[in-house]
Amino acid sequence: MSDARTVWGIGLTTIAGDGTVLDAWYPEVHTGAVTTDEVAVAALEPLAGSDERRDVTIEVVQLQIDLYTAPASTADAYLRLHALSHLVVRPNELNLDGIFGHLPNVAWTNAGPVLPADAARLRPQLQRAGIQVQGLDKFPRLTDYVQPAGVRIADASRVRLGAYLSPGTTVMHEGFVNFNAGTLGASMVEGRISQGVVVGDGSDIGGGSSIMGTLSGGGTHRVSIGARTLLGANAGIGISLGDDCVVEAGLYVTAGTKIVLVDGPVTADGGRKTVKGAELSGQDGLLFRRNSLSGAVEAVRRAGVGVTLNEALHA
């Protein structure tokens, strides 16, 4: 394995009473060849042991993986998610094939992960200990494992471990960022960034807006958004946007959407050329809007910056 494709970490893994590995936490993720870090191991060893309240055992784990191969275990899957959230590797630049099969469904509590069946069985004891179940999912909250530098997250439950958030990013209360997705620079996130989606520097994902991912069978195209682009409130896209684009509030543009090219040549019948959204995917400097009289979706060439963020909100 070459250094560029290899990452390693030393951390703690949580194991349920039946032997199910529930999670793994890596304080740091390193690239290149693994080295023995006795100081790191010694710092974690006092945290290992059993937690009878949750019926789990915590053990020290040291793991090296090849990012180009598929995940091979739960600890492996978690190291990949940590590599993304520690900004060691960008979304879509590592192999995540079959990752769901290595992530058990977990009862996430304010004291750590619990096997769902154990959470039900131990409910009275957990309540007496002040331990509450906050969710049932395969993925935990990002902030329970990684605190990204220079980032604001208003509602931690809406950002999953494996999100890639660059310094200067603000995720507001209704913003959502999935794993293997995120921002490549300072951006405002008030809408939904689905798995596999990357957003460029200085872009604004408006309140209630949505970006199509590929997890639900919506195709194989990984949507991306360029720099200084605005996705308006309650808008949505299933195509990529280039730099300095604007999608009007409330407008949803997919690969099959018929779009009138307002600046295009006049057709034989005196109209304007119409194309599918896929033909405009990734192009810079476009304004997508809906004609208020005809209802047609239109694309207009535009000059200048698409959007300028308020620097005070992203410092």
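Start by selecting strand β1 together with strand β3 (residues 30-31), which pair in the antiparallel sense over two bridges; helices (H or I, at least four residues) and strands (E, at least two) are DSSP runs numbered from the N terminus, and two strands pair if DSSP finds at least two bridges between them. Within β3, Thr31 is the bridge partner of Val7. The model is a predicted one, in which local features need pLDDT of at least 70 and side-chain atom pairs count only at pLDDT 80 or more, while totals for chains, interfaces and linings use all residues. Residues are numbered from 1 along each chain as its sequence is written, and side-chain values use heavy atoms, with hydrogens and water left out.

**Staying on β1**

Keep β1 (residues 6-16) selected and colour by accessibility: eleven of its eleven residues are buried, where buried means under 20% relative accessible area, exposed over 50% and partly exposed in between, with a 1.4 Å probe and protein chains only. In a regular strand the side chains alternate between the two faces of the sheet. In β1 both faces are covered, with Thr6, Trp8, Ile10, Leu12, Thr14 and Ala16 on one side and Val7, Gly9, Gly11, Thr13 and Ile15 on the other.

Next add strand β5 (residues 56-66), which pairs with β1 in the antiparallel sense over eleven bridges; here Leu12 stands opposite Val60. Then add strand β2 (residues 21-25), antiparallel to β1 over four bridges, with Asp23 as the bridge partner of Thr14. The hairpin of β1 and β2 has four residues between the strands, and Gly19 there takes a positive phi near 95 degrees.

**The nonpolar cores**

Now select Ile193, Ile211 and Phe288, the residues with the most contacts inside the largest nonpolar core, which has 63 residues. Such a core is a set of buried Ala, Val, Leu, Ile, Met, Phe, Trp, Tyr and Cys residues joined through side-chain atoms within 4.5 Å. Helix α2 (residues 74-85) gives the most to this core, with seven residues. Apart from the largest core lies another, of five residues, among them Trp8, Ile10, Leu12 and Ile58.

Centre the view on Ile211 and show its contacts, meaning heavy atoms within 4.5 Å: beyond residues up to four places away in sequence, Ile211 touches Arg192, Ile193, Ser194, Val197, Ile205, Val223, Ile225, Leu231 and Ile237.

**A parallel sheet**

From Ile225, move to the open sheet of four strands in the order β10-β13-β16-β19, with parallel pairing. Its edge strands, β10 (163-165) and β19 (224-225), each pair on one side only. Strand β16 (residues 198-199) is joined to β19 by two bridges, and Val199 has Ile225 as its bridge partner.

**Gly306**

Select Gly306, in the segment after β27 (297-301). Is Gly306 buried or exposed? Gly306 counts as buried because its relative accessibility is 15%. Leaving aside neighbours within four places in sequence, Gly306 is in contact with Arg228, Asp244, Cys245 and Val246. A distance drawn from Gly306 to His173, C-alpha to C-alpha, comes to 24 Å, with these positions 133 residues apart in sequence numbering.

**Stepping back**

Finally, show the whole protein chain, whose secondary structure comes to four helices and 27 strands. Along its principal axes the C-alpha trace spans about 75 × 45 × 40 Å, and buried residues make up 47% of the 315 residues.
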